[in-house]
Amino acid sequence: ARELGLSEDHEGIIELPTDAPAGAPAAQVLGLDDPLIDISITPNRPDCLGVHGIARDLAAAGLGSLNSGAVEPVPGDGPCPIDIGLRFDADAIDACPMFAGRLVRGVRNGPSPDWLRSQIEAVGLRSISALVDITNYISLDRGRPLHVYDADKLRGQIHARLGRAGEKFLALDGNEYEPGLEACVIADENGVLALGGVIGGAATGCTEATVNVFIESAYFDPLRTAATGRKFGVESDARYRFERGVDPQFVVPGLELATKMVMQLCGGAPSDVRVAGATPPATAPIEFRPERVAKLTGMDLADADCVRILDSLGFAVEADTRPMAVRAPSWRPDIHLEPDLIEEIARIHGFDKLPATPLPRVAALSGKAVSVAQNRVRWAKRLLAERGMMEAVSWSFMDQRRAELFGGGAPELVLANPISSELSVMRPSLLPNLLAAAARNVDRGFADLALFEVGPQYAGDRAGDQTTAATGIRCGQTHPRHWSKLARA
């Protein structure tokens, strides 16, 4: 199996069923030919970073029905002996508003059962152990990252706080990190255990010898998590979800779900849940006017259809008020205003049903589209180009010394914030810049050239002091060398 990249098993060969047809694809016989659906999620939709969130959208669009996903609490056998806490100053409490955990005693950690290992490996992850695979499974299924610690390796209270100067810890990726003063960390009395929402530490990781496990479920600030991840260059599944915003109301249910799976696969006896902090406050209701759907999208939907779509997506709608009061679910941090609700209705109803309405035909132009001045510029460029000259486009600025040589450099034409000392004043004429361009060409061996420019030049800062001029220069031969023509300068 290891030679085929299917697992880490390297004992013997894979035995196929006796009725496996000869010549059939191995993936089909091994049950590895299930369809692969690759979904790209935009940063504003963290609710779809779990299978349950994608299923919710599909069910709202009429594709199947959504299982409720309700999580029943797992009763504990007594208070959790491991204390948890939040140690933040008042100005940093949003780094981790809520931290929950519980102890499960007497677990048997080992390889995951086949069904769990196949689910984990089907999405490109490596099966590690039952305890770790459970946290990965819940992250993929519900978009809820979790972390498990070997409880016997913890000392004192486990808490969330900001890093301290000089602290270092060895992470699960084998690298040592120094969190610094701005990163949120999980720590005990011995020091840092993990970068909050980014990566766990190796010192308290679970192994096959783990007997007592502490399960952590927390809510970390998306902005601080993103800044920490970028600072250390850590790309983890937990960071990917936390920096986009996980459901703050699923902290404790996610912990209950993990406890249930640990007991099913590893046994053990759980303690009661400990919680420090509280979930961030719910967002205020949004005033929704159903008639605005037609105005903004052109879709003619009944009020009942709008309510049905919002309800299927988890929104709480007070349909008997005008305007309707709509409260976004906790897993939708991207919903803030009435247009956001209208976009959700249009998306589920189907963007393919947006009516195609041509823009109204405007009246014909009342006058000429091109002015006399614009025509003169075009004529001047055409005439100069017909005489074998190449158009140059130079800055409208030049240096003070050259501007004074050509009658310019007045104080009112000096730039307050020039991009360069050589471009500090508006040009009084096109000629100095053309001469400079010719000099650069001659210095590089292009002695025969003809240049022209049509553009603005400036005599002052009053109205009418800016004029458009056409200027050309020739240097060297007037035409390329040819046996049929005499050389002329």
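1. A good place to start is the five-stranded sheet. In this predicted model, five strands make an open sheet with mixed pairing, and their order is β1-β4-β7-β8-β9. The edges belong to β1 (84-87) and β9 (199-200). Each of these has a single partner strand, so one side of each is left without a neighbour in the sheet.

2. If you want to look at one pairing in that sheet, try β1 with β4. Strand β4 covers residues 158-162, and β1 runs parallel to β4, joined by four bridges. A handy landmark is isoleucine 84, which stands opposite isoleucine 158 in β4.

3. On to confidence. The protein has an average pLDDT of 92, and 98% of the residues score at least 70. Where is confidence lowest, and where is it highest? The lowest is in helix α1 (residues 26-29), with a mean of 86, while strand β10 (residues 213-219) is highest, at 97.

4. Next, a pair of helices. Helix α3 (residues 114-122) packs with helix α4 (residues 130-142) at an angle of about 55°, and their axes are 10 Å apart. That angle makes α3 oblique to α4, and the crossing of α3 past α4 is left-handed.

5. Which residues make this helix contact? From α3 come Trp115, Leu116, Gln119 and Ile120; from α4 come Asp133, Ile134, Asn136, Tyr137 and Leu140. Sorted by character, the residues of the contact of α3 with α4 are six nonpolar, two polar and one charged.

6. There is also an open sheet of three strands, in the order β13-β15-β14, and here the pairing is antiparallel. β13 (286-288) and β14 (316-318) are the edge strands; each has a single partner strand, so one side of each lacks a neighbour in the sheet. From one strand to the next, the twist averages 30°.

7. Within this three-stranded sheet, three bridges link β13 and strand β15 (residues 324-327) in the antiparallel sense. To find your way on screen, look for isoleucine 286, which stands opposite valine 326 in β15.

8. Finally, the helices that go with this sheet. Helix α9 (residues 303-312) packs on the sheet and touches β13, β14 and β15. The direction of α9 makes about 15° with that of β15. Helix α10 (residues 338-349) lies across β13 and β15, and runs at about 55° to β13.

Notes. Residues are numbered from 1 along each chain as its sequence is written. This is a predicted model: local features need pLDDT of at least 70, side-chain atom pairs count only at pLDDT 80 or more; totals for chains, interfaces and linings use all residues. Side-chain values use heavy atoms; hydrogens and water are left out. Two strands pair if DSSP finds at least two bridges between them. Helices (H or I, at least four residues) and strands (E, at least two) are DSSP runs, numbered from the N terminus. pLDDT is the predictor's confidence in each residue, from 0 to 100. Axes are lines fitted to C-alpha atoms, for helices over the stretch in contact, and angles run from 0 to 180 degrees between N-to-C directions. Angles under 35 degrees count as roughly parallel, over 145 as roughly antiparallel, 65 to 115 as roughly perpendicular and the rest as oblique. A crossing is left-handed if the near helix is turned anticlockwise from the far one by less than a right angle, and right-handed if clockwise. Contact means heavy atoms within 4.5 Å. Ala, Val, Leu, Ile, Met, Phe, Trp, Tyr, Cys and Pro count as nonpolar, Asp, Glu, Lys and Arg as charged, and the others, Gly among them, as polar.
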